[in-house]
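Here is a short tour for anyone meeting this structure for the first time. Have a look at the picture, then read on for its charged pairs and its nonpolar interior.

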Amino acid sequence: MPFRPSDALNSLASLLRPGLALLARWWRRQSPSRQDRYATLGPLLSVLLFLATIVSAFWYLRNEEIERETEAVKRDTEIAQQQIRLRLIEAQEQLARFAREVVTRQVDNAEFAAQATAFARERPEITHVSWLGRNLERRASLSSAGFQAGALMVAGSNDPSMPAGLNAPGQAFVQARERRQPVYSEPFRDAIGSLVFQLQVPLIDRSGFHGVLIAEYGVEALLRYYVPIEVSSRHAIDVLDSKDAANTPVATTGELQTGRNPITHELGLAPAMNGLIIRGTGYRTSVGLVSNTLFWMVVALAVLTVWMLLGTWRHLRRRQHIQNALLAETNFRRAMENSMLTGMRAMDLDRRISYVNPAFCAMSGFSEAELLGCRPPFPYWPRDRLEENQRLLEQEMQGRSPSGGIEVKVMRKDGSVFDARMYVSPLVDAKGKHTGWMTSMTNITEAKRVRDQLSASHERFTTVLEGLDAAVSVLSVPQQELLFANRSYRVWFGAEPEGHLQLAEEPARALPAEDEALDEYGGLPAQPLADAQQSTPREVFVPEVERWFDVRSRYLQWTDGRLAQMLIATDITSRRAAEQLASQQAEKAQVTSRLMTMGEMASSVAHELNQPLTAITNYCNGMISRVRGETIGKDDLLAALEKTSKQAQRAAQVIQRIRAFVKRSEPRRVTVQAAEIVDDAVDLASIEMRRRNVQLHVYVAHHLPAIAVDPILIEQVLLNLLKNAAEAIDGAKLPPSRRHIELRVMPRHMPDQGGTLEFAVQDMGPGLPEDVLSRMFEAFYSTKAEGLGIGLGLCRSIIESHQGRLRAENLYNGDLLSGCRFSFTIPVELKLSEASLPSPAIPS
């Protein structure tokens, strides 16, 4: 259907008609004054509407042209596809008849060559006609143009549905053999680099598959011979490979233009449908909207008209603005003066009040009529301050009023008085002539009250700080300047910042981040450090005053914005002395406990030493008798002396072990294996076990980590628990089947401690009553007639000093009490390098 400009104008009119109707109704609702104002905009709106109409018409014509060109490209692309499709179908049918003749009759190579030549002569797009057997052997081949690749089917297939090692022709061969119907291969390059594809027709009879007939098509020849000339003259027709991401044409007819926006249409290459796409490309024939000369002439004319209308409209608006400016300025000044909370008073050179605003009248209680024209003394001056106010007025007249204002007393009409601050400045007219003075007055009664309260609060706060026993000091971090120090600080350190630095040990330093606000004095991030509120208690000794202090520090932002550090140092000298004394007493108690343990084991130790000493005596008496009788040889004498030496060493080891256990030494923690502590404790406990006829079974788990403890103290706890268990069993007169004690060392994870080693002493004795279990760790509580009640309490203190836990519980076999179990845990110090050493196991 041909395009007519009248259709475009009719469409545009139908679009604008509802909008014009709405505009007319809106115009009728406006007041006459607004209609006069908007009437000046009528010509301008008309020109703009005309310009919009022209632009819309050009845009509509451009879209119509694009649609026509798109339909033409689509039509020509379909024509080219149809021509190629009919040609391929005709060749496929002819090749299928040829294949039936090859199968039904025994065709030799000569006859095949004759028929293939006739077939290819009529179809210049065919480059080769080949005959392959069922095993891909080449029976015959005819070339009409170009060269066929020597290896028709080679490796290269990546399709998992096809046998591995076949290229595109090989895949088509397998598909033709399986489907028993003609198959088009995917496009590929021949020996000379031309893009081709194959039509393979299977040779099938009743006995099965015998091979294929192959017709190889050149893509470029298909376009050259079967795209009509009138189509290629109008639009460019090219062929694309769908696998090519760059969409580069593999064959083209017609001319492709660069620098212009193309209009394309794509269709698949039927009936092959092997990934080849036919694309038609067209271009607009007319120039763009911007390049249209007529369009720019209309735009220039419309812009000139708009410019002239704007000039006229601006002139009218300027006149109207000038007329309304004075009224608006007057109303604004009056509204601003009436809304101000600050009182304003103007006074001429004769000292008469010429102007007061409503705020001044509200403050003083006098009306404007009562104040205008008044001379000093003014009615709002207090009667008892007339001379002072007169002096201040003379000072104002001479221009010597301070810039910070004057604080005065003002009397209201009802006689009440309030505090006010007045600021005075000269009043100058438009010609620069001094005509009087302007005074602003602010009620500062509440502000003065708050200031007095703050001053009193600051005084009370300072009094509290001065009365503290702790030293409080504030130091500026950048300048190392002492900003505040209370009385205790001054008594101990004077008024110098060195005492603060000694308590802080090292000044704080901080590097600012790029986005943090910096302290204008020192370049440090004041607010972030002040908000951090870090306060880590430290104990510091100051040699100059010979005192210990508990120091707590934090950062704060000083009143002038500087970053400062505040320290609170509490004197803990007496507490430290008490702690040191308590530590010495605890150490003495531990040594005393070990001596008491050895004292309780004295009979066992004497029995243990009696055996090697008796053996030594027997050996010596025997050797003396045999030497006197001259019945001992040299070898027998040496053997007897060696046995005597071993018994002496055995006695020395017992004495050395006891001496090391009871020796008084400074508490120290070392990294040690649990097996070593257990060995030393078992050596001493075995003496008591043998005397009381109690068997001790020990098991230490393999590969335990090392622990950081005082080995003597842990050995003391183990020995105490083992000795108590042996005494309980012996005191209950239990049979031999129940005279057993088990010592186990196992790793255990505790929720409140993490990784720990658990030392457990378990016996088969009579157990403990419930009231004893609840009080057994109390100081001086004991169930023994001769006991002092410090053993288990001391054991618990030792374990807790190692951040461990000591527990006791009864063991039950059903409802029957079967023994008692004492256990304690020691946290594992995994950060120590020795913690990874393996721990040997002690067998039962």
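Two residues are in contact here when they have heavy atoms within 4.5 Å of each other. Keep in mind that the model is a predicted one.

With that in hand, start at L743. Leaving aside residues up to four places away in sequence, L743 touches V678, V682, L696, H697, V698, Y699, L718, L722, A760 and V761. L743 is also part of the largest nonpolar core, which has 49 residues. Together with V678, I741, F759 and F824, L743 is among the members that touch the most other members of that core. Which helix gives the most to this core? That's helix 20, with 10 residues. There is another core too, lying apart from this one: it has 41 residues, and F98, A120, A140 and V227 are among them.

Now for the charged side chains. Side chains of opposite charge can pair when their charged atoms come close. How many salt bridges does the structure hold? The count is 29. Three of them are set out here.

| Pair | Closest N to O | Where the partners sit |
|---|---|---|
| R575 and E539 | 2.6 Å | helix 16 and strand 18, 36 residues apart |
| R576 and E539 | 2.6 Å | helix 16 and strand 18, 37 residues apart |
| E727 and K723 | 3.2 Å | helix 20, 4 residues apart |

E539 turns up twice, so let's take that spot slowly. E539 makes a salt bridge with R575, and its side chain meets that of R576 in a salt bridge as well. The R575 pair ties together distant parts of the chain, with R575 in helix 16 (residues 573-600) and E539 in strand 18 (residues 538-542). The R576 pair likewise links distant parts of the chain. Are these residues buried or partly exposed? R575 counts as partly exposed because its relative accessibility is 36%. E539, at 35%, is partly exposed too, and so is R576, at 25%.

The pair in helix 20 (residues 711-731) is a local one: E727 and K723 are 4 residues apart, so about one helical turn separates them. Both E727 and K723 are buried, which puts each of them under 20% relative accessible area. Helix 20 is also the helix we met above, as the one giving the most to the largest core.

Finally, some charged residues join up in a bigger group: E407, K409, D419, R421 and K448 are linked in a network of salt bridges.

Conventions
Residues numbered from 1 in each chain as written. Predicted model: local features only at pLDDT ≥ 70, side-chain atom pairs only at ≥ 80, totals over all residues. Heavy atoms only, no water. Helix = DSSP H or I, 4+ residues; strand = E, 2+ residues; numbered from the N terminus. Buried < 20%, exposed > 50% of the residue type's maximum accessible area, 1.4 Å probe, protein only. Core = buried A, V, L, I, M, F, W, Y, C linked by side-chain atoms within 4.5 Å.
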